[in-house]
Structures are given as C-alpha cells and as structure tokens.
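Could you show me around this structure, one selection at a time? I have the viewer open and would like to know what to click on next.

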Amino acid sequence: MAKENKKNTLTLTDHRTGKTYDVEIGEGSTLRAMDLRQIKVNADEFGMMGYDPAFTNTASCRSTVTMIDGERGILWYRGYPIEQLAEQSNFLEVTHLLIRGELPTREELEYWTYEITHHTFLHENVKKLLEGFRYDAHPMGMLVSVLAALSTFYPEARDVRDPECRRKQIYRLIGKTPTIAAFAYRHSRGLPLVYPDNDLSYTGNFLNMLWKMSEVKYEPNPVLEKALDVLFLLHGDHEQNCSANAMRSVGSSEVDPYCAAAAAAAALYGPLHGGANEAVLRMLNEIGHRKNVAAYIERVKQGEVLLMGFGHRVYKNYDPRARIIKRIADEVFEVTGRNPLIDIAKELEKIALEDDYFVSRRLYPNVDFYSGSIYQAMGFPVEMYPVLFAIGRMPGWLAQWEEMLTDKEQKIARPRQVYVGSPQRDYVPLEKRGKSPAKAAS
Ligand code: ACO
C-alpha cells in the first residue's frame, strides 16, 4: 500500500508469524472486528477475534439517535442537547424526534399526538390477564408479561419489514405502555381500573389512570404533570445501554416488537439498570438520617454495598439528566411538601463528591439518584419506579429497534465466544460416575 493511502490504516504485526496487516480505521476511530479474522497462524485456523466481555469497548452499530459524551457529561437526542429539550419541548414531541429523526411540524405533531392518544386502550382480555397476578406482584413483572402478551393480540405485528406495520405498532406501544403501567398499579392496590381519557395530555392521562377516584373528570396538577413529563423525556433514550441492546438483539431475530420490548423491559428491571431508582430509595430509607451518611459511605468504601444511583458505564462526569432532575425536585416539593430523603441524598452526594474513593473512580450521581425522591413525593410506591422509567424509555427502544431493522449492515445478533471448557471426552454411564462430593462426605 502506498504511504499516502496508509493514512487511515492501522498496521498490526503478528509476532507469532512475523506477518504484518494493514487494517482500515473507520468512522469514530473504529476497527472492523472482521478485519482481524485474516490474522491466523495456520490456514485452517478460525482467525483472530475481538474479546470484549460486556461490550465495554465494542461499537455494535452506527446510530443517529443519541449521542453521549461521558467525559464531558453531554447528552443529545438527534443532535439536540437534553437541557434544551427538557426546558422547551415535551415528551410526545421528543418521541417523534427520537423515532422519526426530526422535531415535528405543527401538523405532524397533531397527527402524532392523535395517533398515540388513540392507541391508549387495552383489549379487555388484558384485564383478565392482570387479574391472574397476585395482589403483591411486582408491576415490572406485570409490565414485562403484558408487553409480551400484546404480541398475541396483534399477530400482524410480526411483519417487521413493513414500515407501515412498524408505524402502527410504535403508536400502540407508546400509547399503551402507560395504560399497562397504571392498570398494574391499580391491580396491586385492589382499585378499579381507570380507562384512558384522551382529552388529557399523554402524561396527564397517565396520572388520571393512576389516581382518579370518584371525580367525574380528573384534573392533573400542572406542576406534577409537567415534572413527570420532563422525567419521561429525560429517560427517552440513552444509546446502547443494556435494555436498548436487548431490544436490538432480540429484535434482530425479527420477532415482533412486543416480544422485543418485553425483553428490553426485562433488562431494564435489573437493579444495575432501571431497577437502580428503586434500589436508591431503599438505600435512602435504610440510611434513614443525614447523621448516618458518613457511616454508610464507609460501608461503600469497604466494598460491602454499592452507592446506588452512583456511577455509570459511560458517564465519567455528572450525568446531565441528574442535574435537571435535581432542579425538578424542588418544583415538585413546592406542591407535595419536601421529601426528607432528598436531604439524605444531597448529603450523600456532597460527601461522595469530595471523597477520594469516588473521585478517583470518577463516580457521579446518575439519572436514578434523585428521581426516586420525586416519585415518592408524588405518591408512587417504589415498585413503580422502574415502570416509570420504562414508559419514558419506550420511544428509545423503538427508535433503536427501527434503526437496527433498516440498517443494511445488521443481521441477527450472534456474538462469538472463546471456548475454555473441557476437551472432547467420552460419555460416562450413570453407574460408573461415583458419588457426588457432598453425598460422599455425609
Ligand atoms: N458504588 C461504589 N463503588 C462503585 C459504584 C457504586 N455505585 N459503581 C462503581 N463502583 C466502583 C467499582 O467497585 C469499581 O471499583 P474497583 O475499580 O475498585 O473495582 C469501579 O468503581 C469501577 O466500576 P465498574 O463496576 O467497573 O463500572 P461499570 O461501568 O462496570 O458499572 C454501573 C457501571 C453498573 C452503573 C455501576 O456504577 C453500578 O453498579 N452503579 C450502581 C447501580 C446504578 O446506579 N445503576 C444505574 C446506572 S444508570 C442506568 O442504568 C439508568
């Protein structure tokens, strides 16, 4: 290769063979892992692979949806800074931005809003499905199950290669997720289910389905409605996180989006992902008082517990969403009264940000650190926190799913492995296997 053509290449020398390879450096300083395959000692070998457990340094796709600069604490949706969207936009407009790629015109927004708010009702049989759950079933388990069950109500949804079909399922999934969430909540409380009121805003209607009792028309508190709407917006997408990766990976088999979304919601449920907001609240309750904060921090430093709501795979700076949420908290407390847990959270943050353990590891508050205190002040039980996260994240999952399906480079996701198990061995009949160590000892 001529010298000038080598500019965007990386030269690798395999010292096992002495051979040298020039591999192209692509967009974003990437190497194509497949370019490594040519590197082998013997012709009949499989060839070199990348080894990257938990994908800590592997780009699985090219994406135009969300940009995070974790070093500088920056988050954009389709190029728009999250701070501007939180300040000036609203959740439904942002769902359009994430999925369609652009802010909608007035007409597009009207149409988009109409379609979503007219897909909020659930088939009556879903109620029967919910009745089958125990009164104390976790609402996230109910959400995951009902999302998957919707696949059986809309069998046509499996036509994932048809853009019109996809569009319909997108309206349904964004429209129905709050209804499932609210039904799950009312079921756990033994309350009659409240049907959607399409005159209300997306978030106002959600509050209606949660809290309406005997009043003829539910009127959401505008401050709480706005605060929850912004919280949904802040959770809209976060590039290739665990649940988005689940959505893409499961969706790459071309299963319908209800099953893929159920998989994504299941991934979100875990305490290291969306379940962290619930874990933060439990942690704050366990600490109980500001005076116990220092002792708790010591336990974290001893490795006994994690400081939930702190740390992030990508952010090595303050999570910009946490900054906005901290501000919203004060607005919400004006209405609901101050949640005393916020003082414990602020004290934890103050001590942690000055402590070398957290500073040296670049651990900062993430999106979950303050959201739970707001949800609690609004009256949500802790089990509902990851469900609220899922409502906000649904458009992100759908945007990632559609991008994956329309990307010609994508195929069914199927990682490689490095086999480190036993070499080939012969089957041993049961009677010749001896006793298990535990049995032998007893
Ligand atoms: N508390 C105490 N120590 C921590 C924390 C924490 N919350 N997070 C990371 N560390 C420590 C690790 O023990 C490790 O220390 P070491 O170098 O001495 O071994 C170091 O910081 C690096 O941490 P990793 O685990 O390598 O970071 P990773 O990127 O794998 O994990 C994660 C990121 C899962 C978010 C982690 O920070 C964590 O468990 N946080 C608490 C749970 C949480 O808040 N999750 C929500 C994430 S945001 C979201 O999903 C919406």
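Here is a short tour of the ligand site and then of a small set of strands; keep in mind that the model is predicted.

**Stop 1: the ligand and its shell.** Select the ligand and show the residues around it. You should find 19 of them, and the closest are His273, Leu307, Gly309, Phe310 and Arg313. Try colouring this shell by class: 11 residues are nonpolar, 5 are polar and 3 are charged.

**Stop 2: polar contacts.** Which atoms of Leu272, Tyr357 and Arg361 should you look for here? For Leu272, turn on the backbone, since a backbone N or O atom sits 3.2 Å from a ligand nitrogen. For Tyr357, show the side chain, where a polar atom is 3.0 Å from a nitrogen atom of the ligand. Arg361 also uses a polar side-chain atom, placed 3.0 Å from an oxygen atom of the ligand. Now switch to a surface view: of the 920 Å² of accessible area that the ligand has on its own, the protein covers 69%.

**Stop 3: a three-stranded sheet.** Next, move to residues 66-69, which form β4. This strand belongs to an open sheet of 3 strands, ordered β4-β5-β6 and paired in the antiparallel sense. Strands β4 and β6 (80-81) are at the edges with a single partner strand each, so one side of each has no neighbour in the sheet.

**Stop 4: one pairing in detail.** Select β5, residues 74-77, together with β4; the two pair antiparallel over 4 bridges. To finish, pick Asp69 and look across to Ile74 in β5, which stands opposite.

Methods: Residues numbered from 1 in each chain as written. Predicted model: local features only at pLDDT ≥ 70, side-chain atom pairs only at ≥ 80, totals over all residues. Heavy atoms only, no water. Near = heavy atom within 4 Å. Polar contact = N/O pair within 3.5 Å; in protein donor to acceptor, adjacent residues only side chain to side chain. Areas by Shrake-Rupley, 256 points an atom, 1.4 Å probe, with all protein chains shown as cover. Nonpolar A, V, L, I, M, F, W, Y, C, P; charged D, E, K, R; others polar. Pairing = 2+ DSSP bridges.
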